[in-house]
Amino acid sequence: MYVDVHCHLDMIDRPVEEVVENARKKNVKAIVTQGVNPANNWVVLKIAEKFKEVIPALGMYPLDCLNLKDEEIDAELDFIKKNKDKVFAIGEIGLDLKEDSREKGFEKQKDVFSKFVLLGIKLKKPIIVHSRKAELDVIEILESLEAKKVIMHCFSGKMKLVDRVVKNGWFLSIPANVKYSQQFQDVVKRVPIESLLCETDSPYLSPDKEFPNKPENVVESYKKIAEIKGLSLKKVEEIIEENFKKLFRYIAEDKI
Ligand SMILES: [Zn+2]
């Protein structure tokens, strides 16, 4: 069974039924789809109710949180708490300095990120983390809050920070565009396979010219990991499934 631990099913410009069906045909049997804001979290939950392969993560994207009032953010934390039996992970959360928001709103991003990390710890759910140009800040917050079940999605920090992620017992999810990306290939070389997971981040980061990206493409991550580690595809599939189940071990019977 293949697993895509990070995508945005609702943002793919195709009917969800078709996307999930095509993934199923390629043996992609668990698709963790991310919520990025209140309206989107609600949609993610609704999709997950319909398809047993779809595993909902609810969160707050760092740039989205800048448009919300404190009360709205607290209300979302409450919404997740209330739905804790249906929510399998907290994500997508994190820090993003893409738009040079260090001056305008970075403190708020850090505050909101910390609140969601604490919620994940309290609910004993894995935390799926986005970081862009703020990798060290993200690690420092997670360490200070003693987060244990962490997936670093598309982590682009320096190798020194990659090592720190591994040392903390956290996971790195490798996107399908590792097919071409030297940077992610270097991460795969550096990191023991026991710390790896696979993702697509679809509809973004397509491994091919064909857009949009889709969960079925996660197989490309597995293939590249097999090539780099000198293992069979079957062996990689088994190890990544084990890694996934370690993190999502409480997963409901009716899911995978
Ligand atoms: Zn994402």
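Is Asp201 buried or exposed, going by its C-beta neighbours inside 10 Å? Here are some notes on that residue and on a few other places worth a look; please keep in mind that the model is predicted.

1. **Asp201.** With 23 C-beta neighbours inside 10 Å, Asp201 counts as buried, because the cut-off for that class is 20 or more. Asp201 sits in the loop between β8 and α9. Its backbone also deserves a glance: phi is near 55°, a positive value in a residue other than glycine.

2. **A cis bond in that loop.** The loop between β8 and α9 also holds Pro203. The peptide bond joining Ser202 and Pro203 is cis, with omega about 10°.

3. **A second cis bond.** Gly91 and Glu92 are joined by a cis peptide bond as well, and omega there is about 15°. Glu92 belongs to strand β4, which covers residues 89–96. If you are checking backbone geometry, you may like to view this bond alongside the one between Ser202 and Pro203.

4. **Lys133.** Here is another non-glycine residue with a positive phi: for Lys133 the value is about 55°. Lys133 lies in the loop between β5 (127–132) and α6 (135–144). As for its surroundings, Lys133 has 16 other C-beta atoms within 10 Å and is therefore partly exposed. Asp201, by contrast, counts as buried.

5. **The main core.** The largest nonpolar core has 71 residues, and those with the most contacts inside it are Ile31, Ile90, Met152, Phe171 and Leu172. Helix α5 (residues 106–123) supplies the largest share of this core, five residues. As general background, nonpolar side chains in soluble globular proteins tend to be buried together.

6. **Leu172 and its partners.** Which residues does Leu172 contact, leaving aside its neighbours within four places in sequence? They are Met152, Phe155, Val162, Val165, Val187, Val191, Ser195 and Leu196. Met152 appears here as a partner of Leu172, and Met152 is also named among the core residues with the most contacts.

7. **Val191.** One of the partners of Leu172 is Val191, found in the loop between α8 and β8 (196–199). Although it is a loop residue, Val191 is buried, with 21 other C-beta atoms within 10 Å. Beyond residues up to four places away in sequence, Val191 touches Val162, Val166, Leu172 and Leu196. Val191 and Asp163 lie 28 residues apart in sequence, and their C-alpha atoms are 7.6 Å apart in space.

8. **α5 against α6.** These two helices pack at an angle of about 40°, with their axes 10 Å apart. That angle makes α5 oblique to α6, and the crossing is right-handed. From α5 the contact takes Lys110, Phe113, Ser114 and Val117, and from α6 it takes Asp137, Ile141 and Leu142. By class, four of these residues are nonpolar, one is polar and two are charged.

9. **α8 against α9.** The axes of helix α8 (residues 182–190) and α9 come within 10 Å and cross at roughly 55°, so α8 is oblique to α9. The crossing is right-handed. Gln185, Val188 and Lys189 of α8 meet Lys224, Ile225 and Ile228 of α9. Sorted by class, that contact has three nonpolar, one polar and two charged residues.

10. **Lys224.** This α9 residue takes part in the contact with α8. Is Lys224 buried or exposed? It is buried, with 23 other C-beta atoms within 10 Å. Apart from its neighbours within four places in sequence, Lys224 is in contact with Val178, Lys179, Gln185 and Val188. From C-alpha to C-alpha, Lys224 and Val188 are 8.7 Å apart in space, with their positions 36 residues apart in sequence.

11. **α9 against α10.** How do helix α9 (residues 219–229) and helix α10 (residues 233–247) cross? Their axes come within 9 Å and cross at roughly 110°, which means the two helices are roughly perpendicular to each other. The crossing is right-handed. Tyr222, Lys223, Ile225 and Ala226 of α9 form the contact with Leu233, Val236, Glu237 and Ile240 of α10. This contact has six nonpolar, no polar and two charged residues. Ile225 of α9 is named here and also in the contact with α8.

Technical notes. Residues are numbered from 1 along each chain as its sequence is written. This is a predicted model: local features need pLDDT of at least 70, side-chain atom pairs count only at pLDDT 80 or more; totals for chains, interfaces and linings use all residues. A nonpolar core is a set of buried Ala, Val, Leu, Ile, Met, Phe, Trp, Tyr and Cys residues joined through C-beta atoms within 7 Å. A residue is buried if 20 or more other C-beta atoms lie within 10 Å of its own, exposed if 12 or fewer, and partly exposed in between; C-beta atoms are placed from the backbone. Helices (H or I, at least four residues) and strands (E, at least two) are DSSP runs, numbered from the N terminus. Two residues are in contact if their C-beta atoms, placed from the backbone, lie within 7 Å. Axes are lines fitted to C-alpha atoms, for helices over the stretch in contact, and angles run from 0 to 180 degrees between N-to-C directions. Angles under 35 degrees count as roughly parallel, over 145 as roughly antiparallel, 65 to 115 as roughly perpendicular and the rest as oblique. A crossing is left-handed if the near helix is turned anticlockwise from the far one by less than a right angle, and right-handed if clockwise. Ala, Val, Leu, Ile, Met, Phe, Trp, Tyr, Cys and Pro count as nonpolar, Asp, Glu, Lys and Arg as charged, and the others, Gly among them, as polar.
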